Amino acid sequence: MVGKHRTSPVVPIEEVPPADASPYRPVVLVVDDESAIADTVTEILSRSGYAAMTAYDANDALETALLTPPELLLTDVVLPGMSGIELAITIKRIFPDCKILLFSGQATTLDLLASAKNEGHQFTLLTKPVHPDELLSRVAASLKHREAHAGAIAD
Amino acid sequence: MFHAEPDLAPDSTATPEMPFDSPGALLAAIVESSDDAIVSKDLNGRVTSWNDAACRIFGYTAKEMIGQPILRIIPPGLEAEETAILERIRTGAKVEPYETRRLRKDGRIVEVWVTISPVKDSAGRIIGAAKIARDLSERKRMEQRLIWSEKLAAQGQMAASMAHEINSPLESIINLVYLARRSTPPGEKAHAYLLSAEGELDRVAQLIRRVLGRYRELAGQPQVYLHDLVDEFLTVHRPKLHACGIAVDCRYEDRRPVRVNGAEFALTFSNVVSGVLHIMPQGGILGVEVRERTTARGEGIEVAIRMRAKGMGDNLQGRIFESLLGKGSQSGTGEGLSVAWEWPERHGAEIAFKSCADSDAAISLFVPFA
């Protein structure tokens, strides 16, 4: 009926969505070394019915992803150590179905993106600051295709 | 194989033939063929000799200058310099090389590097001074260009670091205000405040994006519609233009994008427009037309900027040149053209001034399809 990825991600009780929301809560992994951004984005997604998880660097993110496979990775490009793009490529290798959204406030990002493109990865880049409304619609759009696909399987 | 070698050998060992009758004639020839202005004057500051280069640099012929006071080429305000030089020369001391300005016959100022030494007669008495002046205009121009390009690079770097420094906290604030608003019941005053705060933050975000987005493009050049760039610029500057009494009339007829560095195009365009503000203090009409055109450089998009100044009957074209080239003034607008010159070179693009009626002028920016 449902894929493995839908099984019980850990969700704090206060983040449980309102009763009218769909019981299906896509898992989104939010990665940003700026905790103020990571935390607020996670909260925004949680309030909108996603099972959002937070990580502050790439290693942290990989650990979290292995425990709870994400359906969408939303990561800052510039991270300490492994970059957001390297993280995205790694996550894609482990979970090929995982959707990727990158966001960045830096001009140097395009070089990194170009190198990812050379490796055959085409990622969507959001430019900081991203308004929560836009972020939510981008997240929904990224997951839409997947939902339809999952729905087809369920049928 | 090479027959030149044995032919050359006897030449190089031969005693050089003296083509001049006397060492004096040789010296005179050297002076005449020098690229530096070499002039001499007596102790009263009257010119006694004037070479070809002096003629070229200062615009006066030898005939016009010999016997005349050297003060003719000293710009107003620098007369004291000449008095001090003459005093120093009378004591037999040399004047250390220094940089100064001189006045050309056509009224333009020329930057020169001068060396002045006393001239003695055979008895060792000081009878005047010899001055060597080197024209620094070309070097100055090169220096200026270097400064401009460094400035541009520095601006780009600053923009990039600003992007990171400002965008991250801005992202957090936007998120926090959003969450705060969502946590406040819609009827409350705080909700309305937070809603306005979000609106203002959105303005800040857009402003930063507008400025920095252009620099981001430095890394990769996407295809853009020139009318987008023009329109965006005019939207931002319309209030300022309006305040200056300048009506803007736009026509966008380009249907194909071009590959162009948006940051540099915006800078060039903005510099041209700020030049326009300078020359139309009493207002006027600024017409901007973006259209497809075929020129000698091929097919492309032309941004044609037409100006009609109010209340200034004559020579708008000349004023534009002056304003953009920064001639005679230290205003920043000169920078615009330097960027404007460099920008097309790297893009196969073209900037041109068009002659029109006296109160009209036009500038055309042409970008070919890549």
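Start by selecting Lys41(B) in this predicted model. Across from Lys41(B), in strand E5(B), you will find Ala129(B). Now look to the other flank: in E2(B), the residue opposite Lys41(B) is Val47(B).

Next, show the strands around that lysine. E1(B) pairs with E5(B) in the antiparallel sense, over six bridges. E1(B) also pairs with E2(B), again in the antiparallel sense, over three bridges. Follow the chain through the hairpin of E1(B) and E2(B), where four residues lie between the strands. Pause at Gly45(B) in this hairpin and check its backbone: phi is positive, near 85 degrees.

Widen the selection to the whole sheet of chain B. Its five strands make an open, antiparallel sheet in the order E2-E1-E5-E4-E3. Which strands stand at the edges? They are E2 (47-50) and E3 (95-103) of chain B; each has a single partner strand, so one side of each is left without a neighbour in the sheet. Looking along the sheet, you can follow a twist that averages 30 degrees from one strand to the next.

Stay in this sheet and pick E4 (109-120) and E5 (126-135) of chain B. These two pair in the antiparallel sense over nine bridges. For a place to zoom in, take Lys120(B), whose bridge partner in E5(B) is Ile126(B). Then add helix H5 of chain B, residues 79-90. H5(B) lies across E1 (37-42), E3, E4 and E5 of chain B, and runs at about 150 degrees to E3(B).

Now move to chain A and display its sheet. Here five strands form an open sheet with parallel pairing, in the order E2-E1-E3-E4-E5. The edge strands are E2 (51-55) and E5 (124-127) of chain A, each with a single partner strand, so each has one side without a neighbour in the sheet. The twist of this sheet averages 20 degrees from one strand to the next.

Inside it, select E1 (27-31) and E3 (72-76) of chain A, which pair in the parallel sense over four bridges. Leu29(A) has Leu73(A) as its bridge partner in E3(A). Two helices to add here are H1(A) and H2(A). H1 (35-47) of chain A packs on the sheet and touches E1, E2, E3 and E4 (99-104) of chain A, its direction making about 175 degrees with that of E2(A). H2 (58-67) of chain A also packs on the sheet, touching E1 and E2 of chain A, and makes about 170 degrees with the direction of E1(A).

Keep H2(A) on screen and add H3 (84-94) of chain A. How far apart are their axes, and at what angle do H2(A) and H3(A) pack? The axes are 11 Å apart and the angle is about 15 degrees. An angle under 35 degrees counts as roughly parallel, and H2(A) and H3(A) are therefore roughly parallel to each other. The crossing is right-handed. Show side chains: Ala58(A), Ala61(A), Leu62(A), Ala65(A) and Leu66(A) of H2(A) meet Leu87(A), Thr90(A), Ile91(A) and Ile94(A) of H3(A). Of these contact residues, eight are nonpolar, one is polar and none is charged.

For the last stop, go to Asn175(B) in helix H6 (137-182) of chain B. Is Asn175(B) buried or exposed? It is buried, with a relative accessible area of 1%. Show what surrounds Asn175(B): its contacts include Ile37(A), Thr40(A), Val41(A), Ile44(A), Val130(A) and Pro132(A). Finally, pick Glu198(B), which is 23 residues from Asn175(B) in sequence and 9.3 Å away in space, C-alpha to C-alpha.

How values were computed:
Residues are numbered from 1 along each chain as its sequence is written. Chains are lettered from A and ligands numbered from 1 in the order in which they are written. This is a predicted model: local features need pLDDT of at least 70, side-chain atom pairs count only at pLDDT 80 or more; totals for chains, interfaces and linings use all residues. Side-chain values use heavy atoms; hydrogens and water are left out. Two strands pair if DSSP finds at least two bridges between them. Axes are lines fitted to C-alpha atoms, for helices over the stretch in contact, and angles run from 0 to 180 degrees between N-to-C directions. Contact means heavy atoms within 4.5 Å. Buried means under 20% relative accessible area, exposed over 50%, partly exposed in between (1.4 Å probe, protein chains only). Angles under 35 degrees count as roughly parallel, over 145 as roughly antiparallel, 65 to 115 as roughly perpendicular and the rest as oblique. A crossing is left-handed if the near helix is turned anticlockwise from the far one by less than a right angle, and right-handed if clockwise. Ala, Val, Leu, Ile, Met, Phe, Trp, Tyr, Cys and Pro count as nonpolar, Asp, Glu, Lys and Arg as charged, and the others, Gly among them, as polar. Lists of a residue's contacts leave out its neighbours within four places in sequence.
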